[in-house]
Every structure is written in structure tokens, then in C-alpha cells.
Amino acid sequence: MNMLKRFIVKKNERGLLYSEGDFLAVLEPGTYRHFDPRNRLSLETFSLNTPLFEHHLAGYLRQSEPELVERFFTRMDLGESEAGLRYEDDVLVELLAPGSRRLYWKGQTEQRLERIDLGQDYRLLAALVAQLNQPGLRGRALAGLDAVLVAQVPAFQIGVLKVDGALVELLPAGSYGFWRFNRQISVELVDTRIQALEVSGQEILTRDKVSLRLNLAANWRYSDVLAAFSTLTKPLEHLYREVQFGLRAAVGTRTLDELLENKRIIDESVSAYLAEKLAGTGLELCGLGVRDIILPGEMKTLLAQVVEAEKAAQANVIRRREETSATRSLLNTAKVMEENPVALRLKELETLERVAERIDRISVFGGLDQVLNGLVKIAPH
């Protein structure tokens, strides 16, 4: 029976030697021979390609074997108000959370820890934000990215920074990074340009109990972003509700005839209502208009009949007016011809001209005087 046991630790490995499962020593690369008649010894190896030492003996080694820890490991222990940047060979590879307690094998890569005091500032340095914005260009993955909030504020927009629910500041266009540890952080993007708001399908009763469906479009903008988010939880929802209320007030207090006679009355009423309600909220109305007024089917039929009757009456009035005018004109012409024989003779010649236009050929006998005197006989008075 071979009582001499041999253990091999490769160059990119470290080993833990056990006797009946109890830790004995850390083995560096090499070949080891131990007298083990009862087969009590065992070896556990670790590749240095994975430098993190996550093991149930980590706590024991920290407490009872500080010299071994100092010799074989790099310690990275963080307080509850600290975050960490872990570097391998001066390349950032991981963001460490507060309270982290890590051991990394020495020997293959140089491990370095940079501490961040979260009690002093929750912002990331601009250089670090630039690294986090383009992780795909670094050549290797960065662990722990969930620990930070990276916000991009585009041009013509403003970022509303809230920490633990409180509005802290407004961020102009640019790139920003914030630690999420020990606090709730959010950045809400706000467009400062003129924006469109559609309020569609509003079913409203007029004062005379006619149901209308209206679609309204409004243009608005933030006049004071800080005031808007300081006084309103959700500014856009507040604006939408106020437009609804203004529209109902404008339609519900007027009859259908009033609304149809002057459609601009709705725009003017809602605009005046919003100008009063939005004062001091940081929201500004730039323009407003009702796009559609949709009537119920039976009301459309009734209105069509009313319009048809009105137009028929108007046409009848116009026809009677023209007939009266024509009759009056004939009467005036008759009076002129009665009092002036020359005018009567001119009318005769005009009639003769019209008759001649309808005849292809005329044969004249007895001269032109016979035509003029004999064609039209004027009875003596």
C-alpha cells in the first residue's frame, strides 16, 4: 500500500490543503508529497484566471489567519457608506457595493481598490461617466453597472433630478452619473420645446341636453420647469385634466345653436379658463382649437332637414324677389314706350332684329321701307 500521497498545484493555480476536511495550509505552484497512511489529506485547487475567492473559509482566514491573507490575497473591504471601483492591472472591471468584503488571489493580476465616500457626494466623476457611456468599446465587461444611474440629457431638454423623492436640481444637456446606493435617484427628461396635446373623444352634454363628441388639440410648453415640478406631481396629467374641465365648462353652459353659430366660442372659453388655472404652475398654453364636433346620428338627420328647409325658403324668397324685380322692370318699360313713340319704335326694331336672327334667308320685295313699315303694324291710338 502506497502511504505517500502526491499533490500537484499548477503555475496558474493555488491550493488549499485539508486534513479530514479541516484547513491546513495554502499551497503555491509545485509538487507536494505527504505521508498519509490513513488517507486523510485532500487538496482543493483554484484557478487564478478567476481571482475572486468566494469560499466558506474566507471568513475563517480573515479572522484566524491574517498572515496568510496578507501573503496570498488582496483584501477589498468597504464600509456601509462607501462604494468601490475595482481595477485589474489598472483597468476598471467592477463597481463594488457598500459593505462588500472580498478576497482576491494574488499572483496573476494586480488588484486595486478605489474607495468612494457616498456620504460626501452621490455623483460620478465625468471621466467615469464617459467610461460607463461606452461599455462596448472597452474590450471587456464591467460588472456592477446596476449600481449607478447614467442619464443622457439631449439638447432642448432638461433633466429633473430627484433624490429620495425630493427635487434637487435641474440638469442642462449633457451626460451624468449617480450612485444608486443608500438613496433613491431618478432623472426625468423634460422637453422645453412646444409640444402637442390631443384630447379626443370627449362626450359632453350641451345646456339643451344634446350629446356631442369633441376632439381638441392644444400646443403647450414649460415656461418654468422648476415651478412645474415643484407644484405638480405630474404636470402633463394636470394639464390634460384642466383641458377636459375647461372643455366641459365651455360646452355644458351653452346650447347647440350657440355652439354651431360661433364655433370659436369654445376655443376662446377654454383658452380663458386655462389661462387662469395654469397661472403659476410653470405651464404655458401656446394655442388651442377644437378639431371636430361630432353629432349623434338622429341629430345629424334633424339638422340636415332644418338646413334643407332654410335653404328652400331662402331660394323661394330669392325667386319671388327676382320675379317682382322683372315685373317692375317690364312695367317701367311699358310706361316709357307709352309716353315716347320713338322708344316704342326702337323696341320694334329690336324685336325685328331678334326675329331676323332666327331666319336663314330673307327675300325683300318693295324695298326696305316696305319691310320696316309693313312688317310691324302699329295700331293708331
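The following dialogue examines how several statements about this predicted model are justified.

Biologist: Why is Asp 77 called buried?

Modeller: Buried means under 20% relative accessible area. Asp 77 has a relative accessibility of 18%, so Asp 77 counts as buried. This residue is found in strand β6, residues 73–77.

Biologist: What makes the link between the side chains of Asp 77 and Arg 62 a polar contact?

Modeller: A polar contact requires a pair of N or O atoms within 3.5 Å. The side chains of Asp 77 and Arg 62 are joined at 2.7 Å, and those of Asp 77 and Arg 75 at 2.9 Å. Both pairs are therefore called polar contacts under the 3.5 Å limit.

Biologist: Which residues are in contact with Asp 77, leaving aside its neighbours within four places in sequence?

Modeller: They are Arg 62, Ser 100, Arg 101, Arg 102 and Arg 115.

Biologist: How do you know where Ser 100 lies with respect to Asp 77?

Modeller: The two residues are 23 residues apart along the chain, and their C-alpha atoms are separated by 5.6 Å. Ser 100 has its place in the loop between β8 and β9. Beyond its neighbours within four places in sequence, Ser 100 is in contact with Met 76, Asp 77 and Leu 78. The side chain of Ser 100 also reaches the backbone oxygen of Ala 97 at 2.6 Å.

Biologist: Is Ser 100 buried or exposed?

Modeller: Its relative accessible area is 12%, so Ser 100 is buried, the limit being under 20%.

Biologist: Why is Asp 89 described as partly exposed, and Asn 182 as exposed?

Modeller: Partly exposed covers the range between the buried limit of 20% and the exposed limit of 50%. Asp 89 has 44% relative accessibility and so counts as partly exposed. Asn 182 has 53%, which is over 50%, and therefore counts as exposed.

Biologist: What makes the phi values of Asp 89 and Asn 182 worth stating?

Modeller: Most residues other than glycine have a negative phi. Asp 89 is not a glycine, but has a positive phi of about 50 degrees. Asn 182, also a residue other than glycine, has a positive phi near 65 degrees. Asp 89 is placed in the loop between β7 and β8, and Asn 182 in the loop between β14 and β15.

Biologist: Why are β8 and β10 called the edges of their sheet?

Modeller: The open sheet has three strands in the order β8-β7-β10, with antiparallel pairing. β8 and β10 each have a single partner strand, so one side of each is left without a neighbour in the sheet. Neighbouring strands here are turned by 25 degrees against each other on average, direction ignored.

Biologist: How do you know that β7 and β8 are paired?

Modeller: Pairing requires at least two bridges between the strands. Five bridges join β7 to β8, so these antiparallel strands are paired. Leu 85 stands opposite Leu 95 in β8.

Biologist: How do you know that the buried residues of helix α3 line one face?

Modeller: In α3, residues 126–133, the buried residues are Leu 128, Val 129 and Leu 132. Seen down the axis of α3, they fall within an arc of 100 degrees, so they line one face of the helix. A general rule helps here: an α-helix has 3.6 residues a turn, so residues three or four places apart point the same way. The face turned away from the buried side of α3 carries the exposed residues Ala 126 and Ala 127. The buried residues of α3 pack against β7, β8, β11 and β14.

Biologist: What makes the length of helix α5 agree with expectation?

Modeller: α5 has 18 residues, which at 1.5 Å a residue should span 26 Å; its end C-alpha atoms are 26 Å apart, so the two values agree.

Biologist: What covers the buried residues of α5?

Modeller: The cover includes β16, β17, α4, α6, α7 and β18. Among the buried residues of α5 are His 238, Leu 239 and Glu 242. α5 lies across β16, β17 and β18, at about 40 degrees to β16.

Biologist: How are β16, β17 and β18 arranged?

Modeller: These three strands form an open sheet in the order β16-β17-β18, with antiparallel pairing. β16 and β18 each have a single partner strand, so they stand at the edges. The twist averages 20 degrees from one strand to the next.

Conventions: Residues are numbered from 1 along each chain as its sequence is written. This is a predicted model: local features need pLDDT of at least 70, side-chain atom pairs count only at pLDDT 80 or more; totals for chains, interfaces and linings use all residues. Side-chain values use heavy atoms; hydrogens and water are left out. Buried means under 20% relative accessible area, exposed over 50%, partly exposed in between (1.4 Å probe, protein chains only). Helices (H or I, at least four residues) and strands (E, at least two) are DSSP runs, numbered from the N terminus. The arc is that of the directions from the helix axis to the C-beta atoms. Contact means heavy atoms within 4.5 Å. Axes are lines fitted to C-alpha atoms, for helices over the stretch in contact, and angles run from 0 to 180 degrees between N-to-C directions. The expected span of a helix is 1.5 Å times one less than its number of residues. A polar contact is a pair of N or O atoms within 3.5 Å; within protein, one must be able to donate a hydrogen and the other to accept it, and residues adjacent in sequence count only if both atoms are side-chain atoms.
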